[in-house]
Amino acid sequence: MIYKIGVIGSGTMGSGIAQVAATNDCKVKVFDTKQEALDKSKAALEKVLSRLIEKGRIDETEKTRIQSNISYVNTLKEFKDADLTIEAIIEDLDIKKKVFSELESYVSEHTIIASNTSSLSIASIASSLQRPERCIGIHFFNPAPLMKLVEIIPAVQTSTQVMDKVVSIIKDWKKVVAIAKDTPGFIVNRVARPFYGESLRIYEEGLADVATIDWSLKTLGRFRMGPFELMDFIGNDINYTVTETVFKAFYYDARYKPSFTQKRLSEAGYLGRKSGKGYYDYQNGKSNAEFISASANKNSTLAKYIFDRVLVMLINEAADALFWNIASAEDIDNAMTKGVNYPKGLLTWADEKGIDWCVKTLDSLYDEYHEDRYRCSPLLRRMNRERKTFFSLV
């Protein structure tokens, strides 16, 4: 079946989603209020597809086919015959609700209305509709054409039929689906918080500098990017806002407490790569890899402490997500490997390190700090007591 897809927002994410849908034989309309933004989106697609031709990934015929599947519009009325619309605009709940309410007045009663939000309540967004059962979360990761994972988030109002159809469509687009409960941060943006937060905490305690922390996690953990390197890549303003949003949404749970260091960098305009300066200086001509390698304190004992502390906090968060039925164990591990390129799933990692190691390491941190931040997930304690693992180890 050829689906008619509407994408609201022609920024990087909206354009990427449009490319994915068009590549998979859907007819796509991209909406934006500004013609300049639409022109920019069209030019960006031309550049991306031309680069794919240079790399031998596609040919001119395929490029023409993909481009012909996308049209650019400046009114939501153009979505009247859409099977599915996906919103990818600013992370502002009031703005999203206003757009959804207007959109519903134009589309057919069968149109599925989805949001690409990374952390906002799908139930709240759905409440803006006369027929909230048609609303669902479809969260792509940036860049959408390259990242395999898509989180699917049904709201309490979402119908089973809508859920099943969306899962089918996204799988047809050759994406890995992870189904998540409608809770703050869903899977990835919840579970990944300690990668940034605990690294910032170690830095703020003066235990290691940013280059040493990044080097430790890249060398021992085989993460593609260190936490500070990644925060600079994402943008300190964006990363801080997500952390703050999750912190507030979880009623100020200490595990998600934002960092003053990151807040001050954001306030100073030190946003990372896009501003030329963040945790690293991008105006000195050196790559991050070169700077990290040259500046890191390569003390093996310190490196192990850093890696173990960050890893166990990530594992604890993944275990707690499973404990609260946010997603299945398989979807949690898939989300972290396919959504943020972790070297392995955190629950798989927990089995390899040993559940007993996880519990003892967390209890040691709690004994030292006496902060709720380091409380061990009840699921880890239960599994340790019953000598269970997340997955059967062969």
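Rings of Phe, Tyr and Trp count as an aromatic pair when their centres lie within 6.5 Å, with Trp represented by its six-membered ring. Planes under 30 degrees apart make a pair stacked, and planes over 60 degrees apart make it edge-to-face. By this rule, the count for the structure above, which is a predicted model, comes to 15 aromatic pairs.

Let's look at two of these pairs. The rings of Y280 and F291 have centres 5.5 Å apart and planes at 75°, so this pair is edge-to-face. Its two members come from distant parts of the chain, eleven residues apart: Y280 sits in the loop between α12 (260-268) and α13 (288-295), while F291 belongs to helix α13 itself. Y280 is buried, with a relative accessible area of 2%, whereas F291, at 30%, is partly exposed. The second pair is made by Y369 and Y374, and here the geometry is stacked, with 5.1 Å from centre to centre and 25° between the planes. Y369 has a relative accessible area of 18% and is buried; Y374 is buried too, with a value of 0%. If you would like to find a larger group of rings, look for F195, Y196, F223, F307, Y342 and W349, which form one aromatic cluster.

While you are at the loop between α12 and α13, find K277, which lies there as well. K277 is partly exposed, with a relative accessible area of 33%. Not counting residues up to four places away in sequence, K277 touches Y270, L271, G272, Y282 and Q283. For a sense of distance across the model, the C-alpha atoms of K277 and L103 are separated by 40 Å, and their positions lie 174 residues apart along the chain.

Now to the sheet. Eight strands form an open sheet with mixed pairing, in the order β3-β2-β1-β4-β5-β6-β7-β8. The edge positions belong to β3 (70-73) and β8; each has a single partner strand, so one side of each is left without a neighbour in the sheet. From one strand to the next, the twist averages 25°. Helix α4 (residues 93-104) packs on this sheet, where it touches β1 (4-8), β4, β5 and β6, and its direction makes about 165° with that of β5.

You can follow the pairing from β1 out to β3. β1 and β2 pair in the parallel sense over five bridges, and I8 has F31 in β2 as its bridge partner. Strand β2 (residues 27-31) then pairs with β3, again in the parallel sense, over four bridges. There, V28 has I70 of β3 as its bridge partner. As for β1, four of its five residues are buried, so the strand is largely enclosed by the rest of the structure.

Helix α6 is a good next stop. This helix (residues 160-172) has 13 residues and reaches 18 Å from its first C-alpha to its last, close to the 18 Å expected at 1.5 Å a residue. Which residues of α6 are buried? They are V162, M163, V166, V167, I169 and I170. These residues cover an arc of only 165° around the axis, which puts them on the same side of α6. T160, Q161 and K171, on the other side of the helix, are exposed. The buried residues pack against β4 (84-87), β5 (112-115), β6 (135-140), β7 (149-154) and β8 (176-179).

After α6 comes K174, in the loop between α6 and β8. Its phi is near 65°, a positive value in a residue other than glycine. At 57% relative accessibility, K174 counts as exposed. Y251 also has a positive phi, about 55°, although it is not a glycine. Y251 lies in the loop between α11 (236-249) and α12, and its relative accessibility of 75% makes it exposed.

Two more details are worth a look. A cis peptide bond, with omega about 0°, joins N142 and P143, and P143 is found in the loop between β6 and β7. In helix α5 (residues 122-126) you will find S124. Is S124 buried or exposed? With a relative accessible area of 19%, S124 falls under the 20% limit and so counts as buried. Leaving aside neighbours within four places in sequence, S124 is in contact with L93 and K97.

Methods:
Residues are numbered from 1 along each chain as its sequence is written. This is a predicted model: local features need pLDDT of at least 70, side-chain atom pairs count only at pLDDT 80 or more; totals for chains, interfaces and linings use all residues. Side-chain values use heavy atoms; hydrogens and water are left out. The expected span of a helix is 1.5 Å times one less than its number of residues. Buried means under 20% relative accessible area, exposed over 50%, partly exposed in between (1.4 Å probe, protein chains only). The arc is that of the directions from the helix axis to the C-beta atoms. Contact means heavy atoms within 4.5 Å. Two strands pair if DSSP finds at least two bridges between them. Axes are lines fitted to C-alpha atoms, for helices over the stretch in contact, and angles run from 0 to 180 degrees between N-to-C directions.
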